[in-house]
Amino acid sequence: MHVFVTGGTGTIGSAVVAELLANGHTVLALARSEDSARALKDAGAEPLRGEIADLDVLRAGAARADGVISLAFGRDYSSPDALAQAIAQESAALTALGEQLTGTGRPIVTVSGTPWVPGRPSTEADPLPTDGPVGGRGRSVNALLELASRGLRSSAVRMPRTVHNQGKGGFAGLLADQARRTGIAGYPGDGTQSWPAVHALDAAVLFRLALESAPAGTCWHAVADEGDAVRDIAAVIGRRLGLPVESVPQENFGPFGPILAMDQPASSARTRDALGWQPTHPSLLEDLENIQP
Ligand SMILES: NC(=O)c1ccc[n+]([C@@H]2O[C@H](COP(=O)([O-])OP(=O)(O)OC[C@H]3O[C@@H](n4cnc5c(N)ncnc54)[C@H](OP(=O)(O)O)[C@@H]3O)[C@@H](O)[C@H]2O)c1
């Protein structure tokens, strides 16, 4: 397939581009800067210059492709306003891509987060949260999945809290960044809450499998580790950086604080069974050993 990818230079996106190219697909990828265009070209993709706010560029990219993988999302989580703006941009982008492909039967794979369910690991059958600080992302993904009834093979790959590669990325990456800034490997609450995780290279395989074969309107869980206690994650970060490991107030983590404080394990049993996905790369706790002081 000729695949239009947004976010193809990110932690997950760069792995997705490599996975697609290694499996006989070709890639057209959105690039918002000269540096990103060069990185994509070096990876073997054709860059298409533009931002996710350039809806005409997105429509043109989708029109040239047999399928789309949408991963771009702003990196500024420093304030509720910045997060809300990134969510609004993603929502407009998914609407434009979905409208462009409606009626074609072509696949579009988008990304969301695994939901949380009190007292048990969430499954692919649980609905996405549509309120709270990132509820807008759930609403845009649900709207895209509803277009399945109008001739769009839309699917969503749900990410666990940490998608990592070489010890970097996701919520564990936020903890490590905060540890470097503050001199404390901090975690919110008592640290017994658990977060699921996946290696980016394993997640990339699932995006390819969903693009190739997921039925319209379906959700999948890219979960390799069902849940690591957050204090165990902080303990590896503290040891690698030579910093004390302590509970700190959840407000120290900005708009994500309430989410970081929650227990939110997730299962991928159905994904493994139905799509034949099998993670093979290091677990989060193993990969965090790559963090350098
Ligand atoms: N990593 C995780 O643990 C995790 C967990 C759950 C969900 N997700 C979601 O999965 C997706 C990919 O995650 P990631 O970790 O790979 O993200 P990432 O490393 O932060 O990369 C973000 C990507 O989006 C692009 N981008 C950001 N703003 C853009 C804009 N305004 N216009 C065009 N491109 C833009 C970036 O391009 P540049 O390189 O040019 O900046 C980059 O390619 C995101 O939607 C993320 O929210 C990630």
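A residue is called partly exposed when its relative accessible area lies between the buried class, under 20%, and the exposed class, over 50%. The structure to which this scale is applied here is a predicted model. Ser91 offers a suitable starting case: its relative accessibility is 27%, and therefore it counts as partly exposed. This serine belongs to helix α4. Across the fold, the C-alpha atom of Ser91 is separated by 9.5 Å from that of Leu144, although the two residues are 53 positions apart along the chain.

Helix α4, which spans residues 80-101, also leads to the interior of the model, since this helix gives the most to the lining of the largest cavity, with 3 residues. Rolling a probe the size of a water molecule over the atoms shows where empty space is left. In this model the count comes to 1 cavity of 30 Å³ or more. The space within the largest cavity amounts to about 30 Å³. Its lining is formed by Thr6, Ile52, Ser70, Ala72, Glu90, Ala93 and Leu97. Sorted by class, that lining holds 4 nonpolar residues, 2 polar residues and 1 charged residue.

From the enclosed space the description passes to an open one. The second largest pocket has a volume of about 240 Å³. Helix α6, residues 170-182, provides the largest share of the lining of this pocket, namely 4 residues. The full set of lining residues consists of Tyr77, Ser78, Leu174, Asp177, Gln178, Arg181, Asn252, Phe253, Gly254, Pro255, Phe256 and Leu260. In terms of class, the lining of the second largest pocket divides into 6 nonpolar, 4 polar and 2 charged residues.

The ligand is the next subject. Which residues are closest to it? Thr9, Ile12, Arg32, Ser36 and Val163 are the closest of the 26 residues that surround the ligand. The shell around the ligand comprises 10 nonpolar, 11 polar and 5 charged residues. Two elements, α1 (11-22) and β7 (162-164), each supply at least two residues of this shell. Of the contributors, α1 gives the most, with 3 residues.

Several polar contacts can be located within that shell. A polar side-chain atom of Thr9 lies 2.5 Å from an oxygen atom of the ligand. The backbone takes part as well: a backbone N or O atom of Val163 is placed 2.7 Å from a ligand oxygen atom, and a polar backbone atom of Arg161 is 3.4 Å from an oxygen atom of the ligand. Taken alone, the ligand exposes 890 Å², of which the protein buries 88%.

Beyond strand β7 the chain enters a loop that joins β7 to α6, and Gln166 lies in this loop. The backbone of Gln166 has a positive phi of about 55 degrees, although this residue is not a glycine. Is Gln166 buried or exposed? Its relative accessibility is 52%, so Gln166 counts as exposed.

The accessibility scale may now be applied to three further positions. Gly132 is located in the loop between β5 (107-113) and α5 (135-146). With a relative accessibility of 52%, Gly132 is classed as exposed because the threshold for that class is over 50%. The C-alpha atom of Gly132 is separated by 22 Å from that of Ala222, which is 90 residues away along the chain.

Ala229 is situated in strand β11, residues 225-229. The relative accessible area of Ala229 is 19%, and this residue is therefore buried, as the class requires a value under 20%. Between the C-alpha atoms of Ala229 and Ser267, 38 residues apart along the chain, the separation is 15 Å.

Pro293 completes the account, in the segment after α11 (284-287). At 76% relative accessibility, Pro293 counts as exposed. In space, the C-alpha atom of Pro293 is 4.5 Å from that of Leu241, while in sequence these two residues are 52 positions apart.

Definitions and conventions:
Residues are numbered from 1 along each chain as its sequence is written. This is a predicted model: local features need pLDDT of at least 70, side-chain atom pairs count only at pLDDT 80 or more; totals for chains, interfaces and linings use all residues. Side-chain values use heavy atoms; hydrogens and water are left out. A residue is near a molecule or strand if one of its heavy atoms lies within 4 Å of it. A polar contact is a pair of N or O atoms within 3.5 Å; within protein, one must be able to donate a hydrogen and the other to accept it, and residues adjacent in sequence count only if both atoms are side-chain atoms. Accessible areas come from the Shrake-Rupley method with a 1.4 Å probe; for residues, only the protein chains shown count as cover. Ala, Val, Leu, Ile, Met, Phe, Trp, Tyr, Cys and Pro count as nonpolar, Asp, Glu, Lys and Arg as charged, and the others, Gly among them, as polar. On a 1 Å grid over the protein atoms alone, a cavity is a set of points where a 1.4 Å probe fits but cannot get out, and a pocket is an open set with protein on both sides within 12 Å along at least five of seven lines; lining residues have an atom within 4 Å of a point. Grid points are joined across faces, edges and corners, and a volume is the space filled by probe spheres set on the points. Buried means under 20% relative accessible area, exposed over 50%, partly exposed in between (1.4 Å probe, protein chains only).
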